[in-house]
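Student: I would like to go through the labels on this model and check each against its cut-off.

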Amino acid sequence: MKNTKLMDDVVELITNIDDMTAEEIGYATEALRSEGALEVYTEQIMMKKNRPGTKLCVIVTPAEEDYFVRRIFFHTGAIGIRRIEFKRYVLDRNIQQAKTQLGEIRIKESGGYGTDKNKIEYEDLARIARENNLSFQEVKYRIEKELANILEEDGE
């Protein structure tokens with residue numbers, strides 16, 4: 001993995017919501033993620049008059065900001081959205097495919113800033129667990145052990 005230093009610009013769109021159910025907020029976050037937001041997360045907050053509420057945060061590229069402002073208004077009860085511009089540090093990323101005894105998996109390799117990381121994709125672990133009626137932890141353990149053995153045999 002190359003060790004380049006990467007930085008890009010992002011915009012965080014933030015709104016406080018007190019008129020939606022947990023199910024409605026869950027649907028909105030799923031929709032925004034599936035529409036391509038870089039990240040979507042919520043925080044529980046207290047709003048005026050001590051009403052419980054939810055802070056919705058959506059991180060997007062500057063080029064997608066207008067689109068996601070419109071989508072946040074569409075999917076939520078929001079009547080106002082704040083924005084903050086950030087620069088963010090990111091690692092170089094690459095996806096590798098690997099065949100294991102339990103099935104094919106993708107491994108996300110990332111590196112830069114003096115570090116290299118590898119992580120098996122969650123979706124692949126979950127799929128294999130369901131297909132084999134195994135726990136997620138068991139699948140992760142068995143695949144990581146198999147991959148470690150392969151690396152040892154290759155002398156790495």
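Tutor: What follows takes a helix, some single residues and a pocket in turn. This is a predicted model, in which local features need pLDDT of at least 70, side-chain atom pairs count only at pLDDT 80 or more, and totals for chains, interfaces and linings use all residues. Residues are numbered from 1 along each chain as its sequence is written, and side-chain values use heavy atoms, with hydrogens and water left out.

Student: How do you know that the span of helix α1 agrees with the expected one?

Tutor: Helices (H or I, at least four residues) and strands (E, at least two) are DSSP runs, numbered from the N terminus. The expected span is 1.5 Å times one less than the number of residues. For the 13 residues of α1 (residues 22-34) that gives 18 Å, and the end C-alpha atoms are 18 Å apart, so the two agree.

Student: What puts the buried residues of α1 on the same side?

Tutor: Buried means under 20% relative accessible area, exposed over 50%, and partly exposed in between (1.4 Å probe, protein chains only). In α1 the buried residues are I25, A28, T29, A31 and L32. They cover an arc of only 165 degrees around the axis, so they lie on the same side of α1; the arc is that of the directions from the helix axis to the C-beta atoms. On the other side, A22, E23, Y27, E30 and S34 are exposed.

Student: Why is D124 called buried?

Tutor: Its relative accessible area is 6%, so D124 is buried. D124 lies in helix α3 and touches E104, I105 and R106, not counting residues up to four places away in sequence. Contact here means heavy atoms within 4.5 Å.

Student: Why is K49 called exposed, and Y113 partly exposed?

Tutor: K49 has a relative accessible area of 73%, so K49 is exposed. Y113 is at 35%, so Y113 counts as partly exposed. K49 lies in the loop between β2 and β3, and Y113 in the loop between β6 and β7.

Student: What makes the phi of K49 worth listing?

Tutor: Most residues other than glycine have a negative phi. K49 is not a glycine, yet has a positive phi of about 60 degrees. Y113, also not a glycine, has a positive phi of about 55 degrees.

Student: What makes up the lining of the second largest pocket, by class?

Tutor: The lining has five nonpolar, one polar and seven charged residues. Ala, Val, Leu, Ile, Met, Phe, Trp, Tyr, Cys and Pro count as nonpolar, Asp, Glu, Lys and Arg as charged, and the others, Gly among them, as polar.
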